[in-house]
Every structure is written in C-alpha cells, then in structure tokens.
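Let's take a walk through this structure together, starting with its helices and moving on to its core.

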Amino acid sequence: MALVARAAAATTTHARHVLDVGCGAGNYSLKLLEQVPNLDITLIDLSQPMLERAKKRLRQATAGDITMIQATLEKSAA
C-alpha cells in the first residue's frame, strides 16, 4: 500500500483530489496523504459506518474537503 501511494504521488505531482472507491476505513487515503498532503478526498463505500470512520480518521490528516458517497459500483445482471 505504501509503495502504491508513493508511486501515485510521484506520477501525479499536481494532484489536488483523490477518489477512494471501496475506501473501508480510509487506509489507502491516509497513506497517500503522507505523500501528498491536504488533498480533497471523495470516499465511496457500501457501508455508512465505514465511511464515517474513514472521514473521522482523514479529517485529522487533511485540511481538504471530504465527500462521502454510500454506494456500490457493482454491475447488476440484467
């Protein structure tokens, strides 16, 4: 996870926003914020309690905006 965060930071040096799909408790976003501080973050997860937990953890690590979206991105079988 740390390696991916370092690679993302190195290849997107002017990033200001991150989309964390399936964010869980926000671990990836936290790692990324160590490399690129104060990003705006959009969190997507199916679980509202996990979104709340991630937001609480990330609020301490960024001055950027945090947007939460409770949803799944699964494709339905039609």
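Helices (H or I, at least four residues) and strands (E, at least two) are taken here as DSSP runs, numbered from the N terminus. This is a predicted model, in which local features need pLDDT of at least 70 and side-chain atom pairs count only at pLDDT 80 or more, while totals for chains, interfaces and linings use all residues. Residues are numbered from 1 along each chain as its sequence is written, and side-chain values use heavy atoms, leaving out hydrogens and water.

Helix α2 is a good place to begin: E34 and K31 both lie in it, 3 residues apart, about one turn of the helix. Their side chains form a salt bridge at 3.9 Å, N to O, the term being a side-chain nitrogen of Lys or Arg within 4 Å of a carboxyl oxygen of Asp or Glu. E34 is exposed, at 56% relative accessible area, and K31 is partly exposed, at 32%. (Buried is under 20% relative accessible area, exposed over 50%, partly exposed in between, with a 1.4 Å probe and protein chains only.)

Now turn to α3. Its buried residues are L51, A54 and L58. Seen down the axis, they fall within an arc of 65° (taken from the directions from the helix axis to the C-beta atoms), so they line one face of the helix. On the other side, P49 and K56 are exposed. The buried residues of α3 pack against α2, β2 and β3 (66-70), with contact meaning heavy atoms within 4.5 Å. From the other partner's viewpoint, L43 touches L51, A54 and L58, among others.

How values were computed: Lists of a residue's contacts leave out its neighbours within four places in sequence.
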